[in-house]
Amino acid sequence: MSFHEIQITVNGVHERVSVKSNQTLMLLLRETLALTGTKNGCSAGECGACTVLLNGEAVNSCMVLAAECDGAEVITVEGLAGDPLQDAIIRHGGVQCGFCTPGVLISARALLNRNPNPNDEEIKEALVGNLCRCTGYVRIIEAVKEAARLQV
Amino acid sequence: MVTDTHPTLPEFDYFRPESLQEASAFLAQHAGEARPFLGGTDLFVRMRDGALVPRYLVDVKHLEGTDELRFDPQHGLTIGAAVCMNRVIASPEVRRVYPLLAEACRSVASHQLRTRATVVGNVCNASPAGDTIGACLALDGVLNVHGTGGPRQEPLSAFFLGPGKTKLQPGDIVTSIHFPLPPLGCAGTYLKLGRNRLSDLSIVAVTVLAAPDPGLPSGCRFRIVLASVAPVPLVAAQAEEYLANRPVTSDSIAEAARLAGAACKPIDDIRGSARYRKSMVKNLTEKALTAVWNQLHP
Ligand SMILES: Cc1cc2nc3c(=O)[nH]c(=O)nc-3n(C[C@H](O)[C@H](O)[C@H](O)COP(=O)(O)OP(=O)(O)OC[C@H]3O[C@@H](n4cnc5c(N)ncnc54)[C@H](O)[C@@H]3O)c2cc1C
Ligand code: FES
Ligand code: FES
């Protein structure tokens, strides 16, 4: 199996890595770059725990090959330090076990970037791909609304 | 028994050709062991299940013509193979002129999956459940294909041969899908019945597109496409013909819906039984035809 030399910018840090063809972006982040904030929930595109921003757009990093990411810019939950979303989700109790939280925050950030003032329906639709077994979603939605308010 | 709930992808070689010629030649030379790929959202699932073990994945994004999303008021819409569904949904021209297509894309999975999933991948995957296929058929989609013999076109109406089986030959790469201008004054809808409201494959789904047509006894031409009820996406031709030949009334709509239900050959699976599917096709078709008829006659 072939290896590919890629250059990738993760949370503003420029990395030069050699990746195997079958290595996903998720495994590159978690196992090579030790950014374990991005979670492996299902490896099947279903749960959203692995969601990151790839060139500004939310993707399931378990469904992207690292080899495809030459020249790409990636933001993981570690890159959201200081984001008002972080504070809001804690304040509203939108975190329980926390496993879904990195993906939720990334999806919510992607939403606020493309739509700074979303309504409830738009928030729900943006978070459809982020499964949470704990919170029942209501507090997450409240947190996203508050972050949107704080942002303007 | 230990089940690996987080299977990694099996081993393969990732290959990114420089040109369509190179890609077609490589795919033809490695027939049976190389596959083109776009978003990988179908391929990776099947590879992790072990249902598919390709030796090469040939990335066809970035090849000529695959990145364009172009609307021309004379000729219609072209969606490049690499254009993801979110881009289709966000396009003002698609929303204005082909809203049925945007509606179908919106019913697929989640936002982050649609950053990768493509309309062309959905079509090439040829699943009878493919959510965008009904709209693509009803809007008379034509695929632009690059093969070892150069470029050619494949109309969607004759493209699907069975689950996962299409007219494509080794070496073929779909570069884009083209839609002519939709019929004047048309309206459409996509009704998808899933196990939850969002983000699951359909149990059954119905696409209806209708447009005024003074040449017909009914004055209106209906297109009806059914998903998840046959080995291929099913055009309900009998129901379409029945509706074309008489005045549109609630009775003729009910009879057309019955014909659509009778035409389908569903199976039992984890999403629903064949019997349930048949009766839901009838109900959803009636609902969709009525909704579209009312849109045309507010
Ligand atoms: C969690 C999850 C949820 C999903 N939900 C839905 C849903 O609700 N509705 C739905 O319809 N689908 C759903 N899917 C399936 C999938 O996302 C769609 O079918 C998608 O449109 C496939 O596009 P892709 O670009 O990812 O295709 P790929 O996986 O890249 O390719 C699909 C197939 O087409 C072939 N192919 C790809 N590109 C070309 C080309 N240019 N020329 C010729 N052949 C080609 C490939 O070899 C492969 O066989 C879901 C998938 C996942 C993982
Ligand atoms: S781990 Fe990627 S979606 Fe679940
Ligand atoms: S907080 Fe536990 S899964 Fe969401």
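## Strands, cores and a ligand between two chains

B:N144 stands opposite B:Q153 in strand β7 of chain B. The model is a predicted one. The pair belongs to a sheet region that can be followed strand by strand.

**Strand β6 of chain B**

β6(B) covers residues 142-147 and pairs with β7(B), residues 150-155. The two strands run antiparallel and are joined by six bridges. Together they make a hairpin, with two residues between the strands.

β6(B) has a second partner. Five bridges link β6(B) to β10(B), again in the antiparallel sense. Here B:V145 stands opposite B:V174 of β10(B).

Is β6(B) covered on one face or on both faces? Both are covered. B:V142, B:N144 and B:H146 are buried on one side. B:L143, B:V145 and B:G147 are buried on the other. That fits the count for the strand: six of its six residues are buried.

**Strand β3 of chain A**

Chain A offers another strand with two partners. β3(A), residues 51-54, is joined to β4(A), residues 57-60, by four bridges. These strands run antiparallel. A:T51 has A:N60 as its bridge partner in β4(A). β3(A) and β4(A) form a hairpin with two residues between them. In the turn, A:N55 has a positive phi of about 50°.

β5(A), residues 73-75, is the other partner. It runs antiparallel to β3(A), with two bridges. A:L53 stands opposite A:I75 there.

Both faces of β3(A) are covered too. A:T51 and A:L53 are buried on one side, A:V52 and A:L54 on the other.

The pairings of the two strands are collected here.

| Strand pair | Sense | Bridges | Facing residues |
|---|---|---|---|
| β6(B) and β7(B) | antiparallel | six | B:N144 and B:Q153 |
| β6(B) and β10(B) | antiparallel | five | B:V145 and B:V174 |
| β3(A) and β4(A) | antiparallel | four | A:T51 and A:N60 |
| β3(A) and β5(A) | antiparallel | two | A:L53 and A:I75 |

**The cores**

The largest nonpolar core holds 53 residues. Which of them touch the most other members? They are B:Y98, B:L101, B:V123, B:L156, B:F160, B:I177 and B:F179.

B:F179 can be followed further. Leaving aside residues up to four places away in sequence, B:F179 touches B:H75, B:G76, B:L77, B:I79 and B:Y98. B:L101, B:C136, B:L139 and B:G141 are also in contact with B:F179. Another core, of 35 residues, lies apart from the largest one. Its members include A:V10, A:L28, A:L33 and A:C62.

**Ligand 1**

Where does ligand 1 lie? It sits between chains A and B. Its surroundings comprise 36 residues. The closest are B:P36, B:T41, B:D42, B:T118 and B:D131.

Several elements of chain B contribute to this shell. β2 (34-37), α2 (43-48), α7 (119-125) and β10 (173-179) each supply at least two residues. α7(B) gives the largest share, four residues. β10(B) therefore has two roles in this account: it is a partner of β6(B), and it supplies part of the ligand shell. Three polar approaches involve oxygen atoms of ligand 1. A polar backbone atom of B:L38 is 2.8 Å from one such oxygen. For B:A109, a backbone N or O atom lies 3.1 Å from an oxygen of the ligand. B:T118 uses its side chain: an N or O atom there is 2.7 Å from a ligand oxygen. On its own, ligand 1 has 990 Å² of accessible area, and the protein covers 95% of it.

Terms used: Residues are numbered from 1 along each chain as its sequence is written. Chains are lettered from A and ligands numbered from 1 in the order in which they are written. This is a predicted model: local features need pLDDT of at least 70, side-chain atom pairs count only at pLDDT 80 or more; totals for chains, interfaces and linings use all residues. Side-chain values use heavy atoms; hydrogens and water are left out. Buried means under 20% relative accessible area, exposed over 50%, partly exposed in between (1.4 Å probe, protein chains only). Two strands pair if DSSP finds at least two bridges between them. A nonpolar core is a set of buried Ala, Val, Leu, Ile, Met, Phe, Trp, Tyr and Cys residues joined through side-chain atoms within 4.5 Å. Contact means heavy atoms within 4.5 Å. A residue is near a molecule or strand if one of its heavy atoms lies within 4 Å of it. A polar contact is a pair of N or O atoms within 3.5 Å; within protein, one must be able to donate a hydrogen and the other to accept it, and residues adjacent in sequence count only if both atoms are side-chain atoms. Accessible areas come from the Shrake-Rupley method with a 1.4 Å probe; for residues, only the protein chains shown count as cover.
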